[in-house]
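User: I am new to this structure and would like a close look at a single part of it, with the reasoning spelled out. Please choose one strand, explain how it is placed, and then follow the chain outwards to its surroundings.

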Amino acid sequence: MTTFSTCAAFLSLVVVLHAVHVGGAILESQAPHRELKAYRPLQDNNLQEVYASSAAAVHYDPDLKDVNIVATYSDHYGNIRLGRVKMGDLSPSWVLENPAYQVSRKTKVIPRDSFQNDTGMEDNASHSTTNQTDESENQFPNVDFASPAKLKRQILRQERRGQRTLELIRQEKETDEQMQEAAIQKSMSFENSVIGKYSIWRRDYESPNADAILKLMRDQIIMAKAYANIAKSKNVTNLYVFLMQQCGENKRVIGKATSDADLPSSALDQAKAMGHALSLAKDELYDCHELAKKFRAILQSTERKVDGLKKKGTFLIQLAAKTFPKPLHCLSLQLAADYFILGFNEEDAVKEDVSQKKLEDPSLYHYAIFSDNVLATSVVVNSTVLNAKEPQRHVFHIVTDKLNFGAMKMWFRINAPADATIQVENINDFKWLNSSYCSVLRQLESARLKEYYFKANHPSSISAGADNLKYRNPKYLSMLNHLRFYLPEVYPKLEKILFLDDDIVVQKDLAPLWEIDMQGKVNGAVETCKESFHRFDKYLNFSNPKISENFDAGACGWAFGMNMFDLKEWRKRNITGIYHYWQDLNEDRTLWKLGSLPPGLITFYNLTYAMDRSWHVLGLGYDPALNQTAIENAAVVHYNGNYKPWLGLAFAKYKPYWSKYVEYDNPYLRRCDINE
């Protein structure tokens with residue numbers, strides 16, 4: 001009776017329902033088409049009313065708890081299956097929705113006659129559960145389980161996946177191209193003077209421990225030497241010989257390797273063999289106190305070797321810096337020979353190359369360059385003229401020594417800038433510049449200074465250290481280096497002149513420098529002090545009361561290289577007399593060492609106008625970590641230091657700023673093998 005009433009209730013509520021799990025997460029792949037279906041003949045006019053009443057009955061009639069719900073679904077193979085569950089077994093989180101919209105999606109309403117009784121339906125459901133595929137196909141031949149909307153969603157989903165895949169592939173290609181371009185740019189900026197670190201594609205960069213085996217083998221050599229010394233002291237000859245043989249093998253395998261990538265394939269085997277040898281030595285000779293003594297001795301010996309190598313390295317760098325390269329020497333000889341062979345020396349003695357009036361016109365832009373380097377001077381002139389807005393108003397006064405006078409005259413005779421004016425003079429023609437007037441010349445002739453300088457060639461002078469070697473550069477003994485303190489005497493008709501060193505490159509028009517109001521100061525320069533660096537106490541001996549009583553140790557230093565001199569104020573304040581006074585006091589070199597910057601700091605003390613730093617960027621000859629933007633925006637860049645751009649020591653990344661103003665196709669340069 002209970003079964004009959006349940007079936008009657010079921011038949012009165014047979015509708016097509018959806019079971020939805022509220023708050024649950026059911027994957028589509030696990031339970032697709034999870035539809036709960038009951039069957040009842042329905043008329044179109046009362047379809048909505050029956051749905052509403054059936055839904056209400058499901059929720060509020062307690063007799064429906066034993067109603068069997070037949071569920072159709074597809075498994076993960078795509079086969080249609082039937083399942084049965086009782087209404088009372090469903091948790092409260094399941095809600096039966098009204099699926100009225102399914103009618104428009106070709107849901108087939110099966111008439112009452114198609115079902116004989118409740119028992120037959122249960123049997124069919126049970127039978128269909130056991131015969132999954134065949135039975136479902138026979139019972140529901142016309143049911144369309146993949147609705148058009150679902151098919152459309154699947155197609156759109158596949159299209160979106162395809163588009164997303166193409167987008168990811170495109171992004172990956174763009175990323176790869178960007179990485180390759182960045183890698184190429186980075187590889188171009190690597191400093192090629194560092195052996196073995198010139199390419200980012202080397203295997204060294206694949207691992208942060210790229211030299212682990214190499215370090216291990218070097219450490220093994222140190223350990224083996226320590227044990228070998230102990231073995232020798234204890235007359236364990238066989239072990240001593242064996243350890244020294246293993247040391248030799250380790251050294252042979254290492255060779256000139258700088259990373260694990262440079263080691264041969266047998267390196268790891270040799271490291272293992274050495275490890276076995278050290279294990280044997282430890283078992284037989286290990287004595288902590290004795291081993292510590294050996295390590296201390298090795299450490300002290302290594303420190304002495306490193307100190308010696310540093311001094312030798314400093315000496316060699318100074319030697320290379322003051323050595324005139326063979327190609328530049330060839331250039332000077334070729335130019336001088338042609339100058340005299342072609343008779344230009346006699347021609348220049350008869351007529352002047354330029355108008356004397358233009359050389360003395362104070363309304364023009366005048367430059368002073370004192371140098372014995374033809375190629376370097378040509379770069380200064382070329383870079384200034386090429387960046388000038390009015391090159392016809394620029395006048396260059398070049399002073400060189402007797403040895404290079406012919407070469408300098410010949411170069412600017414055949415390579416003179418189109419509009420600028422060039423004057424080349426010989427310092428030996430300045431008859432007023434003699435030892436009776438010039439303190440430096442008088443000191444350079446003294447035996448004591450000659451002894452100080454020329455003893456630098458003796459090997460023992462290496463022990464003097466880097467500071468003393470630095471000031472023994474021949475340029476500090478050249479009068480060309482001190483001629484800057486006699487500018488009013490050299491150019492008596494001029495009012496302002498811009499002094500330029502031969503190791504600078506001009507990158508902008510310098511004409512605005514003549515418009516700067518120097519506020520009564522004599523020297524216009526860029527200050528070089530940063531925090532505690534490059535202040536007066538770095539250049540002057542403040543332990544001497546003559547210095548400490550007259551100057552501030554914390555005063556900011558500045559640099560020669562690009563200096564605007566007001567010659568009217570110079571003459572008014574007798575700057576040359578101040579220079580002579582302090583130069584005479586320093587005859588014994590107790591106030592400062594050789595060089596022109598220390599006496600310049602003293603001479604122009606409180607008379608220097610600080611110009612904007614963008615006018616003059618220094619350090620390209622010694623600092624590899626300068627700000628690239630500051631270099632590119634500078635009006636003048638200065639290769640001060642030992643790494644001059646015409647030397648092989650030069651930093652590769654700074655050299656293009658200089659080399660782009662060198663005429664490498666010039667016949668003289670090709671003849672002397674001067675190239676990039």
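Analyst: A word on terms comes first, since the reasoning depends on them: a residue is called buried when its relative accessible area is under 20%, exposed when that area is over 50%, and partly exposed in between. The model is a predicted one, and everything that follows should be read with that in mind. N235 shows how the cut-off works, because its relative accessibility of 66% makes it count as exposed. This residue sits in the loop between α6 (212-233) and α7, and its phi is near 60°, a positive value in a residue other than glycine.

The part chosen for the close look is strand β12, which spans residues 562-566. Is this strand enclosed or left open by the rest of the structure? Five of its five residues are buried, and therefore β12 is largely enclosed by the rest of the structure. To see what this involves, it helps to recall that side chains in a regular strand alternate between the two faces of the sheet. In β12, M562, M564 and D566 are on one side, N563 and F565 are on the other, and all of these residues are buried, so that both faces of β12 are covered.

Which strands are joined to β12 by bridges? One of them is β9 (residues 496-500), which runs antiparallel to β12 and is joined to it by five bridges. Within that pairing, K496 has D566 of β12 as its bridge partner, and D566 is one of the residues already met on the face with M562 and M564. Another is β11 (residues 523-525), which also pairs with β12 in the antiparallel sense, here over two bridges. In that second pairing N523 stands opposite F565, a buried residue on the side of β12 that also holds N563.

The chain around β9 adds to this picture. E495 lies in the loop between α18 and β9, and its relative accessibility of 38% is why it counts as partly exposed, whereas the residues of β12 are buried. E495 and L567 are 72 residues apart in sequence, yet their C-alpha atoms are 5.0 Å apart in space.

The loop that holds E495 also holds K493, which forms a salt bridge with E360, the closest N and O atoms being 3.6 Å apart. Because K493 lies between α18 (487-490) and β9, while E360 lies in the loop between α12 (356-359) and β6 (365-370), this pair ties together parts that are 133 residues apart in sequence. K493 counts as exposed at 51% relative accessibility, and E360 counts as partly exposed at 31%.

Further along the chain from β12, D584 forms a salt bridge with R442, with the closest N and O atoms 2.9 Å apart. Since D584 belongs to helix α22 (residues 575-585) and R442 to helix α15 (residues 439-444), the pair ties together parts that are 142 residues apart in sequence. D584 is partly exposed at 34% relative accessibility, and R442 is partly exposed as well, with a relative accessible area of 37%. In the loop between α22 and α23 (597-603) lies R589, which has a positive phi of about 60° although it is not a glycine, and which is partly exposed with a relative accessible area of 25%.

A salt bridge within one helix makes a useful contrast with these long-range pairs. R252 and E249 both lie in helix α7 (residues 237-254), three residues apart, about one turn of the helix, and the closest N and O atoms of their salt bridge are 2.9 Å apart. A search of the whole structure finds ten salt bridges.

Another sheet can be set beside the surroundings of β12. It is an open sheet of three strands in the order β10-β15-β14, with mixed pairing. Here β10 (504-506) and β14 (616-617) stand at the edges, each with a single partner strand, so one side of each is left without a neighbour in the sheet. β14 pairs with β15 (residues 636-638) in the parallel sense over two bridges, and V617 stands opposite V637 in that pairing.

Notes
Residues are numbered from 1 along each chain as its sequence is written. This is a predicted model: local features need pLDDT of at least 70, side-chain atom pairs count only at pLDDT 80 or more; totals for chains, interfaces and linings use all residues. Side-chain values use heavy atoms; hydrogens and water are left out. Buried means under 20% relative accessible area, exposed over 50%, partly exposed in between (1.4 Å probe, protein chains only). Helices (H or I, at least four residues) and strands (E, at least two) are DSSP runs, numbered from the N terminus. Two strands pair if DSSP finds at least two bridges between them. A salt bridge is a side-chain nitrogen of Lys or Arg within 4 Å of a carboxyl oxygen of Asp or Glu.
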